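Trainee: I should like a close look at a single part of this fold, namely how its strands are paired and what surrounds them. Could you take me through that region in one connected account?

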Amino acid sequence: MKKLFYSIIILLAAVAVVIGGLELFSHYTPSTSIHKDAPVQTRKSIVIHATPEKVWTLLSNVNHWSSWQTDIRHPRLNGQFVPGNSFTWESGGLNIRSDIHTATPYSNIGWSGPAFGAFAIHLWTFTALPDGYTRVDVEESMEGWLVKLMAHKFQQGLDDSLDKWLAALKTTAEQGK
């Protein structure tokens, strides 16, 4: 029984060392565009009956995301919403730190950052349409050792997540119309 116990401990320690090594030696390249060779990628669009200014304001107000995006917990922007600053948030059980790389008022927003076994690049584009409407295009790429290992699960999760983001953004932006 003792031999089995020690074998399990050694196995767990070996797994921990491998995972730690994967995390330690993973290097990602930040970018202002998604990585076209990433194993997980999604592009989605929606038309919102609100101006680009209103949509921009909702999305750039990170500290209030959890009031309209129920999958997000404890969002906290460090400083102004400008390139070079960062924010932290929880989503899907992960603590995430994202770096803002794009913040063009009423036009584009983008951030990127690592989470356990993954690195994501997230881009939003707002296009003014007639009659005060805005087309919102969002795209995201994910890569990393865990993403490669579980690409199908990450793809489904990303697709579902962006559908929820867009639906919640639309509902919130259109309130009071």
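Mentor: In this predicted model, strand β3 is joined to strand β4 (residues 94-104) by six bridges, and the two strands run antiparallel. Within this pairing, phenylalanine 87 is placed opposite serine 98 of β4. The hairpin that β3 and β4 form has two residues between its strands, and there glycine 92 adopts a positive phi near 60°.

On its other pairing, β3 (residues 86-91) meets strand β2 (residues 72-78) through five bridges, again in an antiparallel arrangement. Here arginine 76 is the residue opposite threonine 88 of β3. Serine 91 also belongs to strand β3. Its relative accessibility is 18%, and serine 91 is therefore classed as buried, the limit being under 20%. Apart from neighbours within four places in sequence, serine 91 touches Asp71 and Ile96.

The backbone angles deserve attention next. Most residues other than glycine have a negative phi. Against that background, two residues may be singled out. Histidine 74, a residue of strand β2, has a positive phi near 50° although it is not glycine. With a relative accessibility of 57%, histidine 74 counts as exposed, because the class begins over 50%. Aspartate 131 is likewise not a glycine, and its phi is positive at about 65°. Aspartate 131 sits in the loop between β6 (118-128) and β7 (134-143), and its relative accessible area of 68% makes this residue exposed.

From β4 the chain leads to tyrosine 106, which is located in the loop between β4 and β5 (108-115). Tyrosine 106 has a relative accessible area of 40% and so is partly exposed. Its C-alpha atom is separated by 5.0 Å from that of glutamate 53, although the two residues are 53 residues apart along the chain. When neighbours within four places in sequence are set aside, the contacts of tyrosine 106 are Pro52, Glu53, Trp56 and Phe126.

One of these contacts leads to the aromatic rings. A pair of aromatic rings is described by the distance of the centres and the angle of the planes. The whole structure contains 14 aromatic pairs. In the pair of tryptophan 56 and tyrosine 106, the ring centres are 6.2 Å apart and the planes stand at 75°, so the geometry is edge-to-face. This pair connects distant parts of the chain, since tryptophan 56 is in helix α2 (residues 52-60) and tyrosine 106 in the loop between β4 and β5, 50 residues apart. Tryptophan 56 has a relative accessible area of 10% and is therefore buried, whereas tyrosine 106 is partly exposed.

A further pair is formed by tryptophan 111 and tryptophan 165, whose ring centres are 6.1 Å apart with the planes at 45°, so this pair is tilted. It too links distant parts of the chain: tryptophan 111 lies in strand β5 and tryptophan 165 in helix α4 (residues 151-174), 54 residues apart. Tryptophan 111 and tryptophan 165 are both buried.

The account can now return to its starting point. Ring pairs join Trp65, Trp68, Phe87, Trp89, Trp111, Trp124 and Trp165 into a cluster. Phenylalanine 87, the residue opposite serine 98 in β4, is thus named among the members of that cluster, as are the tryptophans of the tilted pair.

Definitions and conventions:
Residues numbered from 1 in each chain as written. Predicted model: local features only at pLDDT ≥ 70, side-chain atom pairs only at ≥ 80, totals over all residues. Heavy atoms only, no water. Pairing = 2+ DSSP bridges. Helix = DSSP H or I, 4+ residues; strand = E, 2+ residues; numbered from the N terminus. Buried < 20%, exposed > 50% of the residue type's maximum accessible area, 1.4 Å probe, protein only. Contact = heavy atoms within 4.5 Å. Phe/Tyr/Trp six-rings, centres within 6.5 Å; stacked < 30°, edge-to-face > 60°.
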